Each structure stands twice: as C-alpha cells, then as structure tokens.
Amino acid sequence: MMRLAFLPLTCLALGACGTLRVPDDRPQVGVNYQFERRHACGDGPYKMAMARLSRSSPRLELTQLPPQTRVVKVEMVDLDLLSFDHGGGEATVAQGGSATLPEGALKAWSGPCPPTGADHRYEMRVEARDAQGKSLASGKQVRTCCKQFEAR
C-alpha cells in the first residue's frame with residue numbers, strides 16, 4: 001500500500017507519469033510482444049547510447065478487444081526509470097476481437113536501452129477505444145530487457 005502512495009509523488013517530482021492508466025476492474029485486453037535485438041539500442045553490439053535508440057516498435061499482438069474497438073492507444077513505460085518517456089502511439093483497427101500491430105507501427109516510439117549490464121522492466125500499456133474516443137478496455141504486459149542482447 002505504501003508503494004501506491006509513493007508512486008504519484010515520484011511521478012509529480014520527476015514529471016514523467018505515463019498517460020495511460022490501466023485499471024484492473026475493466027475488461028482486459030490481451031497484450032503480447034517480444035523485444036528483438038533491433039528494438040534495443042539500434043544495430044551493432046549492445047551498448048547504451050541515447051543516440052542509438054531504436055525507433056522501431058516491436059510487433060504487438062492484441063486479443064480480447066471489445067467489438068466496438070476502432071483505435072488502440074499504446075504506451076511503453078520503463079518501470080525502473082519512470083522519468084524516461086518511451087512513447088508509443090495510436091493505431092486504427094478494423095474491428096474488435098484481435099489485432100496485430102506490425103513492427104514499426106508506433107510512430108512516437110523510443111525503444112528500450114538500459115545501461116550496459118542492466119535489465120529494466122518495460123510495461124506495454126494498451127487502451128481500446130471506440131470511434132468516438134471512448135475508452136472501452138485496457139491491458140498491459142511486462143517484459144524484461146536487455147542483458148540478453150549483450151553477448152550477441
């Protein structure tokens with residue numbers, strides 16, 4: 001309970017709170033993605049370098065979208081460095097049910113690039129909206145990155 005009380009103060013102090021809130025009491029969207037080497041600090045040997053941040057978002061597979069869904073809003077949050085804005089974007093979907101956002105679909109995107117030798121936890125937050133922008137459902141998935149790419 002203490003953590004929940006502390007988080008809003010941290011966000012205010014750092015000025016980096018995510019804009020998508022993913023409440024647990026709403027219909028849940030299934031979110032699945034995997035980071036590939038090309039999504040983390042650009043090409044070449046893995047080394048943290050802000051100038052090498054990947055602008056190519058991973059492929060996102062979404063399930064359990066309400067039938068009225070026409071737009072999905074996506075945001076990635078670094079749970080270990082809340083002050084860094086990784087962005088995301090919006091995408092139009094033909095209908096509810098399931099949808100796949102192809103690699104690179106999110107245009108306001110900065111890929112994961114934690115310090116060399118470290119892993120960070122990244123939470124992908126998704127909100128399903130109808131044609132008028134009304135929020136219908138949300139979901140999230142956490143993945144760890146990027147020590148797995150250092151040996152390559």
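1. Two strands are said to pair if DSSP finds at least two bridges between them. On this basis, β3 and β4 form a hairpin, with six residues between the two strands. The structure discussed here is a predicted model, and the points below should be read accordingly.

2. The hairpin strands deserve a closer description. Strand β4 covers residues 85-92 and pairs with β3 in the antiparallel sense, over six bridges. One position at which this pairing can be followed is Glu-75, whose bridge partner in β4 is Gly-88. Strand β3 itself spans residues 71-78 and is mostly covered, as six of its eight residues are buried.

3. Strand β3 also pairs with β7, which comprises residues 120-129; the sense is antiparallel and the pairing extends over eight bridges. Within it, Val-72 stands opposite Ala-128 of β7. For a reader new to such arrangements, it may help to recall that strands of a sheet pair through backbone hydrogen bonds, either parallel or antiparallel.

4. An open sheet of three strands is also present, with the order β1-β2-β5 and antiparallel pairing. Its edge strands are β1 (30-32) and β5 (97-101), each of which pairs on one side only. On average, neighbouring strands of this sheet are turned by 10° against each other, direction ignored. Strand β2, residues 60-65, pairs with β5 in the antiparallel sense over four bridges. In this pairing, Leu-60 stands opposite Leu-101 of β5.

5. The aromatic residues form a second topic. The structure holds two aromatic pairs. In one of them, the ring centres of Tyr-33 and Phe-35 are 5.3 Å apart and the planes meet at 75°; because planes over 60 degrees apart count as edge-to-face, the pair is given that description. Phe-35 also forms an edge-to-face pair with Tyr-122, at 5.8 Å centre to centre and with 80° between the planes. This second pair links distant parts of the chain: Phe-35 lies in the loop between β1 and β2, Tyr-122 lies in strand β7, and the two are 87 residues apart.

6. Tyr-33, Phe-35 and Tyr-122 together form one aromatic cluster. Are its members buried or exposed? The cut-off for a buried residue is a relative accessible area under 20%. Tyr-33, at 2% relative accessibility, therefore counts as buried. Phe-35 has a value of 8% and so is buried as well. Tyr-122 is likewise buried, with a relative accessible area of 0%.

7. A charged group accompanies one ring of the cluster. The charged end of Arg-143 sits over the ring of Tyr-33, at 5.5 Å from the ring centre.

8. The last residue considered is Thr-144, which is located in strand β8, residues 135-145. Its relative accessible area is 43%; this value falls between the 20% limit for buried and the 50% limit for exposed, so Thr-144 is classed as partly exposed. Which residues does Thr-144 contact, leaving aside its neighbours within four places in sequence? They are Asp-119, His-120 and Arg-121. His-120 and Arg-121 fall within the range 120-129 given for strand β7. Thr-144 and Pro-112, although 32 residues apart in sequence, are separated by 9.5 Å in space, C-alpha to C-alpha.

Methods
Residues are numbered from 1 along each chain as its sequence is written. This is a predicted model: local features need pLDDT of at least 70, side-chain atom pairs count only at pLDDT 80 or more; totals for chains, interfaces and linings use all residues. Side-chain values use heavy atoms; hydrogens and water are left out. Axes are lines fitted to C-alpha atoms, for helices over the stretch in contact, and angles run from 0 to 180 degrees between N-to-C directions. Buried means under 20% relative accessible area, exposed over 50%, partly exposed in between (1.4 Å probe, protein chains only). Rings of Phe, Tyr and Trp (its six-membered ring) pair if their centres lie within 6.5 Å; planes under 30 degrees apart count as stacked, over 60 as edge-to-face and the rest as tilted. A charge sits over a ring if NZ of Lys or CZ of Arg is within 6 Å of the ring centre and within 35 degrees of the ring normal. Contact means heavy atoms within 4.5 Å.
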